[in-house]
Amino acid sequence: EKGYETGEHAPGLKLGGCGAYKAAHHIIKTHAKVWHSYNSTWRREQRGMVGISLTSGWGEPVDPHSQTDRDAAERYIQFHLGWFANPIYRGDYPEVMKNYVGKKSAQQGLGTSRLPTFSVQEKTYIKGTSDFLGIGHFTTRYVLQKTFPFLQVSSYHTDPDLAELVDPSWPAPGPKWLYSVPWGFRRLLNFIKTQYGNPLIYVTENGVSETMQCSQLCDEWRIQYLKGYINEILKALNDGVNVKGYTAWSLLDKFEWNKGFSERFGLYHIDFKNKNKPRYPKASVDYYKKIISANGFPNAREVMS
């Protein structure tokens with residue numbers, strides 16, 4: 001979306017309303033081809049697994065008693081996670097995506113939908129091409145219905161007819177988009193369980209950044225973020241969600257898309273101005289070490305023994 005719709009990221013193309021959908025279409029088909037290649041050539045010998053890693057927030061209806069808000073929240077998830085997961089697990093794009101993009105395309109006078117279609121053969125070829133689902137998750141939004149004026153230029157952002165809100169009480173230690181809302185993760189994981197037949201899940205990215213430029217190593221808020229989100233994964237496990245592994249994002253401060261080195265997700269602080277790039281452990285390092293060694297939340301006395 002940022003590479004082919006808004007042009008914020010490489011390759012910087014602004015193909016409004018269709019670029020992101022075309023790019024995703026190719027990604028999904030290419031992913032399926034790689035899975036089939038491994039399945040037919042290497043699986044018997046290596047006994048490995050091939051999956052896909054998808055990043056998605058959770059969308060919560062502003063008013064859970066409002067069908068309109070619940071429908072908008074459903075569209076939020078389907079236009080993010082379902083866009084890629086639904087073809088892989090169920091054989092086609094989500095119905096709500098096809099309906100909304102198709103309807104908007106018709107209103108524009110286009111002969112076909114801006115959302116590409118899979119042939120019958122492609123649907124069969126793509127369905128089931130994931131031995132596990134990797135999930136990147138960072139934050140949550142409240143969602144409600146919002147109808148955009150017809151004259152507005154079509155885009156992936158306006159197609160689902162929704163607005164995203166945040167609760168001002170949610171902690172936001174890092175960038176504007178990343179609010180700490182741990183309970184949203186449990187709901188996302190349970191959604192995956194229900195929608196896609198409880199697939200094997202590896203959490204491939206989960207963490208929080210800071211935007212401060214100093215070598216601030218007392219990242220208590222990162223500790224609280226990790227504690228909250230890992231605790232919600234434990235609750236999801238108790239719900240019967242098939243989560244097999246967890247990866248905190250990330251080990252080191254690094255180059256973060258168009259934010260460069262200014263947005264820091266690392267457990268280790270990197271001094272980028274020093275040519276040797278020395279690494280300094282933040283407080284979260286010690287906390288996460290204890291979680292790893294205990295394979296869960298540690299009892300302090302047990303860790304010391």
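**View 1. Phe79, a buried ring in helix 3**. With a relative accessibility of 1%, Phe79 counts as buried (under 20% relative accessible area; exposed is over 50% and partly exposed lies in between, using a 1.4 Å probe and protein chains only). This is a predicted model, in which local features need pLDDT of at least 70, side-chain atom pairs count only at pLDDT 80 or more, and totals for chains, interfaces and linings use all residues. Residues are numbered from 1 along each chain as its sequence is written, and side-chain values use heavy atoms, leaving out hydrogens and water.

**View 2. Phe79 meets Tyr156**. The whole structure holds 20 aromatic pairs (rings of Phe, Tyr and Trp, the last by its six-membered ring, with centres within 6.5 Å; planes under 30 degrees apart are stacked, over 60 edge-to-face, the rest tilted). Phe79 and Tyr156 make a tilted one, with 6.3 Å between centres and 45° between planes. Phe79 belongs to helix 3 (residues 67-90) and Tyr156 to the loop between strand 4 (140-145) and strand 5 (162-165), so their pair ties together parts 77 residues apart in sequence. Helices (H or I, at least four residues) and strands (E, at least two) are DSSP runs, numbered from the N terminus. Tyr156 is buried too, at 8% relative accessibility.

**View 3. Phe138 and Phe265, edge-to-face**. Their ring centres are 5.8 Å apart and the planes stand at 70°, so this pair is edge-to-face. It ties together parts that are 127 residues apart in sequence. Phe138 is buried at 8% relative accessibility, and Phe265 is buried at 2%.

**View 4. An aromatic cluster**. Here Tyr21, Trp83 and Phe84 join Phe79 and Tyr156 in one cluster.
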